Every structure is written in structure tokens, then in C-alpha cells.
Amino acid sequence: MKIICIGRNYIEHAKELKNKIPEEPLFFLKPETAIQPKGHPFFIPDFSQMIHYEVELVIKIDRIGKHIQEQFAHKYYSKIGLGIDFTARDIQEECKKKGLPWEKAKGFDGSAQISRNFINKEDLDIHNIYFSLNHNGNEVQKGNSKDMIFSFDKIISYVSQFYTLKIGDLIYTGTPSGVGQVKIGDKLNGFINNKEVLKVLVK
Ligand code: MG
């Protein structure tokens, strides 16, 4: 199983980190160990002084495919969930400056938080999924799939040119603006269409 993450898929988020708007999807991988057993708290790793939350819609792949055409991409997933792409922003900035890969800042244990439940695609309007994140009870991030630069289908089509997609693979589809830092004792709650689907306790 692999975890594919899309970067800079919302204009306002690209701007807040002073990045250019991408012309094609930007992606990176997290290892399977980035997902922790369900119900575990998230432990801030020792090597970073600045862990940021990034709430994202997540597609679960349920059909194997390669070189998938965009028009058929919808056949490769049937469920959508919510995740947090935890990022060691201080380490990422260092890597970016040196032109190095980001894996150290993105793939650590617990960095891929995932909702317990996924919602059937049929129960959602794919082009209008509202999602949000509360940080200690205050709403800090909100987004809508209609504002993605690259749609779910475009992402699947693009990524599958490089990697065979397999059943169970997860694709984190990018975060809207409002990313911020977590501290020990924080609580994060994630919502899809105002229904809570994700809870993370930070330790
Ligand atoms: Mg992200």
C-alpha cells in the first residue's frame, strides 16, 4: 500500500507558503508506517520544532490501474475520507532551501492521519465537498473540492502515468489555506460536510 500526497492544490494555500501555482500536479509519497493504529494519539517527533497540520480530502483506490485516462478515473475509487498531512515545516523549509527531497519532513510515523470512516462517493457531490478542521475547538481550515486546482480524476490520471495504483492506496489531495502549528495537548477535529469524521489528540 502506498500513500500519495498532492502538494499546492489550492491557490490560497500555495500563496500562504509563497509557492508558485503549479502547472501540473506536484506529488510525493509517505510510507505505510506514516499511518498509525486507529485510536492512537499523534506524538510530536523530537526532530522538529514546528509540526503543521494540513487537512485534506483523501481518495481510497479500489481498483488496480496504470495510465488511467481522466475520463475513466472515477471508476478507480468509490470512497472519500479526510486526513491530516502532518508536516515538519522547519525541516521542509531546510530541504527546500537545499533543493533536497521532502520525505524527512513529510513521511515520519503518524504523519498520515486518516479518518476512521470513508464516505461513499454516491453520497457526495464530488465537485462540491465542503471540509474543515477545528484546532482546539476553533475553525482554522476550510475548503471545498470545487476549489482544487487539479480534480480527483485529473490527479488519478496524472499519478498513474508514473505509478501503478493498487487497491488500498490512499491519495491525499492537498490542503486549503490556514495551516498552522500543533502543540502537546492540542485536539484536532475534522469534518466533511459538517459531519465529524476525524479526531486527533496531540501528545
Ligand atoms: Mg499536504
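**A walk through the structure**

Let's start on the inside: helix H2 is the top contributor to the lining of the largest cavity, giving three residues. Keep in mind as you look around that this is a predicted model.

So what is this cavity like? The structure holds one cavity of 30 Å³ or more, and the volume of the largest cavity is about 110 Å³. Its lining is made of 18 residues, and those closest to the centre are Gly-7, Arg-8, His-13, Glu-54 and Lys-106. If you'd like to find it by elements, look for strand E1 (3-7) and helix H2 (89-98), each of which supplies at least two lining residues. Which kinds of residue line the largest cavity? Sorted by class, there are seven charged, seven polar and four nonpolar residues in the lining.

Two of the residues closest to the cavity centre deserve another look. Take Arg-8, which is among them. Arg-8 sits in the loop between E1 and helix H1 (11-16). Its phi is near 50°, which is a positive value in a residue other than glycine. Hold on to that idea, as it will come up again with Lys-18.

The other one is Glu-54, also among the residues closest to the cavity centre, and it leads us to the metal. Which residues coordinate the magnesium ion? They are Glu-54 and Glu-56, each through OE, and Asp-85 through OD, at 2.0 to 2.1 Å. Along the sequence, the spacing of these donor residues reads E-x1-E-x28-D. Glu-54 is in the loop between strand E3 (51-53) and strand E4 (55-61), while Asp-85 is in strand E5 (residues 77-85), so this pair ties together parts that are 31 residues apart in sequence. Are Glu-54 and Asp-85 buried or exposed? Both are buried.

From E3 we can step into a sheet. It is an open sheet of three strands, in the order E6-E3-E12, and the pairing is antiparallel. Strand E6 (87-88) and strand E12 (180-181) are at the edges with a single partner strand each, so each has one side left without a neighbour in the sheet. Look at how E3 and E6 are joined: they run antiparallel, with two bridges between them. Within this part of the model, His-52 stands opposite Thr-87 in E6.

Strand E4, which we passed at the metal site, takes us to the nonpolar core. The largest nonpolar core counts 55 residues, and Phe-86, Phe-152 and Ile-156 have the most contacts inside it. E4 provides the largest share of this core, with five residues.

Now head for the later part of the chain, where there's a hairpin. Strand E13 (residues 187-192) pairs with strand E14 (residues 195-201) in the antiparallel sense, over six bridges. One pair to pick out is Phe-191 and its bridge partner in E14, Glu-196. Two residues lie between E13 and E14 in this hairpin, and in the turn Asn-193 has a positive phi of about 45°.

E14 has a second part to play, in the largest pocket. This pocket holds about 350 Å³ of space. It is lined by 18 residues, with Gly-39, Ile-114, Arg-116, Leu-198 and Lys-199 lying nearest its centre. The elements that give two or more residues to this lining are E14 and strand E7 (112-114). Which element gives the most to the lining of the largest pocket? That's E14, with six residues. By class, the pocket lining has nine nonpolar, five polar and four charged residues.

Finally, let's visit a couple of loops. Lys-18 is in the loop between H1 and strand E2 (26-30). Like the earlier case of Arg-8, Lys-18 is not a glycine yet has a positive phi, about 60°. Its relative accessible area is 77%, over the 50% cut-off, so Lys-18 counts as exposed. Tyr-163 is in the loop between helix H4 (152-159) and strand E11 (170-172). Is Tyr-163 exposed or partly exposed? With a relative accessible area of 29%, Tyr-163 is partly exposed. For a sense of distance, Tyr-163 and Lys-20 are 25 Å apart in space from C-alpha to C-alpha, and 143 residues apart in sequence.

Definitions and conventions. Residues are numbered from 1 along each chain as its sequence is written. This is a predicted model: local features need pLDDT of at least 70, side-chain atom pairs count only at pLDDT 80 or more; totals for chains, interfaces and linings use all residues. Side-chain values use heavy atoms; hydrogens and water are left out. Donors are N, O and S atoms within 2.8 Å of the metal (3.2 Å for Na, K and Ca); water is not among the atoms, so sites may look incomplete. Helices (H or I, at least four residues) and strands (E, at least two) are DSSP runs, numbered from the N terminus. Buried means under 20% relative accessible area, exposed over 50%, partly exposed in between (1.4 Å probe, protein chains only). On a 1 Å grid over the protein atoms alone, a cavity is a set of points where a 1.4 Å probe fits but cannot get out, and a pocket is an open set with protein on both sides within 12 Å along at least five of seven lines; lining residues have an atom within 4 Å of a point. Grid points are joined across faces, edges and corners, and a volume is the space filled by probe spheres set on the points. Ala, Val, Leu, Ile, Met, Phe, Trp, Tyr, Cys and Pro count as nonpolar, Asp, Glu, Lys and Arg as charged, and the others, Gly among them, as polar. Two strands pair if DSSP finds at least two bridges between them. A nonpolar core is a set of buried Ala, Val, Leu, Ile, Met, Phe, Trp, Tyr and Cys residues joined through side-chain atoms within 4.5 Å.
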